[in-house]
Amino acid sequence: MKKTLFEKVWQKHAVRELPDGSTQLLVGTHLLHEVTSPQAFGMLRTLKLGVKYPQRTFATVDHIIPTDNRAEPYKDATAYEMLTELRKNCKDNGITFFDVHTGAQGVIHIVAPEQGLIHPGMTVACGDSHTATHGAFGAIAFGIGTSQVRNVLATQTLAFKKLKVRRVNVNGKLRDGVYPKDVALHIIRKLGVNGGIGYAYEFGGQVFDDMSMEGRMTVCNMAIEGGARIGYVNPDEKTFEYLRNRPYAPKGEEFEKAIEYWKTIASDEGCQYDDVVDFNGEDIEPTVTWGVNPSQAIFVSEKIPNPATIEDATARKDAEDALAYMGLAPETPIAGTKIDVAFIGSCTNGRLSDFVEAAKYLKGKKVAEGVKALAVPGSQIVDKLAREMGLNKVFEEAGFQWREAGCSMCLAMNPDKLVGRQLCASTSNRNFKGRQGSPTGRTVLMSPLMVAAAAVKGEITMP
């Protein structure tokens with residue numbers, strides 16, 4: 001019987017079926033950060049349990065870490081307590097921790113791939129919703145809650161109900177200036193923030209075949225924003241070459257053997273999907289959000305929609321509320337909307353290629369007066385490579401602040417936050433109300449190139 005990658009990986013990791021219809025699933029790699037792990041370790045101590053397979057768990061610090069001043073202790077006592085607690089828990093349990101002094105610290109969903117921790121055919125879990133990122137390697141990766149983090153630490157398994165699989169094809173070629181972030185926002189715009197509930201998304205088609213591994217990670221990262229618990233791409237030669245010589249990837253002859261196995265993990269030609277959706281890559285333009293969830297998006301060339309034209313009453317009310325919050329008028333161009341802050345970074349767009357593309361545009365240009373612009377590499381390794389290429393100088397000469405690795409302005413758990421009604425052009429993944437720290441702050445999602453262009457012009461614009 002021909003099977004999807006999801007079915008193959010599920011069957012290989014199923015321990016047993018549980019009475020409630022869920023499956024006890026073995027977790028191949030478990031990732032930790034400082035926010036969702038302290039309570040989990042506390043529960044283990046209460047239950048007098050240890051970590052079952054510490055060699056399968058890896059940790060870093062990302063959400064709470066300052067990106068400008070790393071001097072310890074941090075000004076935020078709670079943040080520093082989270083860091084010290086993670087250090088202690090990792091040391092006590094023999095867990096590998098990519099701490100600040102290692103040169104490998106960063107956002108967990110950037111650190112794990114660059115260390116070669118994620119392989120095709122794996123199951124991957126982390127106490128973070130954007131764990132779907134790792135599906136770019138042909139892995140089944142999903143976010144979990146704190147009690148599930150405890151369960152994985154104690155047993156290396158968790159209970160999980162099997163999902164349906166939707167194949168999302170993006171065929172043809174992308175236009176110049178259209179990036180994986182635009183692809184992700186377009187898919188969410190068309191299928192909705194709840195469209196993927198109950199599904200794993202298998203991304204395919206020529207656009208994904210052509211896409212780099214970093215681009216695939218960007219789209220898989222945002223699968224959760226479309227309601228899908230999991231997003232993945234079948235492994236191919238790009239996957240294998242990305243993993244070659246990574247610290248935690250197999251070496252030499254073992255690597256070649258691994259490739260032969262990884263090839264068998266891909267979905268079989270002619271397998272059956274629960275649903276198939278097709279998009280044409282040539283139809284996608286640079287995309288920006290106008291509302292308070294990632295599906296409220298339009299091409300930068302379009303006008304903001306008029307809620308009165310939306311037939312569904314709930315969607316119409318959501319649109320009205322979003323425009324009122326954002327302070328935007330229907331049927332007016334989104335281009336020309338003034339910005340106050342520009343942010344390039346996060347687990348969605350904090351990789352080297354993101355800074356390379358933005359730097360190409362920024363070279364010789366200046367950030368508009370009154371705009372605060374932050375460039376935050378997703379890991380210390382990204383930072384090092386960017387500095388070797390001179391990218392940090394390009395950003396700094398343009399007027400960006402080049403920061404140290406962390407989640408930064410993606411979310412309000414560190415000092416990088418919006419103030420008042422500031423509007424931020426952001427490469428992050430969520431534009432929820434208050435997401436960037438101010439209860440009245442506004443977020444507009446877009447690609448790194450679009451953020452760079454907005455920073456220079458002081459408004460949303462087509463580069």
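Q: What residue follows α14, and what is the sign of its phi?
A: In this predicted model, Gly 390 comes right after α14, and its phi is positive, near 80°.

Q: Which residues of helix α14 are buried?
A: Along residues 380-389, the buried ones include Gln 380, Val 382, Asp 383 and Ala 386. Each is called buried because its relative accessible area is under 20%.

Q: How do you know that they lie on the same side of α14?
A: The four cover an arc of only 155° around the axis, so they share one side of α14. There is a general pattern to keep in mind here: an α-helix has 3.6 residues a turn, so residues three or four places apart point the same way.

Q: What does the face of α14 turned away from its buried side carry?
A: That face carries Lys 384 and Glu 388. These two are called exposed because each has a relative accessible area over 50%.

Q: What do the buried residues of α14 pack against?
A: Their partners are three helices, α4 (108-114), α13 (352-362) and α15 (391-398), along with the strand β17 (401-402).

Q: How many cavities of 30 Å³ or more does a search of the whole structure find?
A: The search turns up 1. The volume of the largest cavity is about 50 Å³, and it counts as a cavity because a 1.4 Å probe fits there but cannot get out.

Q: What makes up the lining of the largest cavity, by class?
A: The lining has 8 nonpolar residues, 1 polar and no charged ones. Its members are Ala 184, Ile 187, Ile 188, Tyr 201, Phe 203, Val 219, Met 222, Ala 223 and Gly 226. Gly 226 falls in the polar class because Gly is counted there.

Q: Which elements give two or more residues to that lining of the largest cavity?
A: They are α6 (180-191) and β10 (199-204). Of the elements, α6 gives the most, with 3 residues.

Q: What is the volume of the largest pocket, and why is it called a pocket?
A: Its volume is about 350 Å³. The name applies because its points form an open set with protein on both sides within 12 Å along at least five of seven lines.

Q: Which residues lie nearest the centre of the largest pocket?
A: Out of 17 lining residues, those are Trp 290, Asn 293, Ser 295, Gln 296 and Ala 315. Two elements, β14 (297-299) and α11 (313-326), each give two or more residues to the lining, and α11 has the largest share, 4 residues. By class, the pocket lining has 8 nonpolar, 6 polar and 3 charged residues.

Terms used. Residues numbered from 1 in each chain as written. Predicted model: local features only at pLDDT ≥ 70, side-chain atom pairs only at ≥ 80, totals over all residues. Heavy atoms only, no water. 1 Å grid on protein atoms, 1.4 Å probe; cavity = no way out; pocket = protein on both sides within 12 Å on 5 of 7 lines; lining within 4 Å. Points joined across faces, edges and corners; volume = space filled by probe spheres on them. Buried < 20%, exposed > 50% of the residue type's maximum accessible area, 1.4 Å probe, protein only. Arc of directions from axis to C-beta. Contact = heavy atoms within 4.5 Å.
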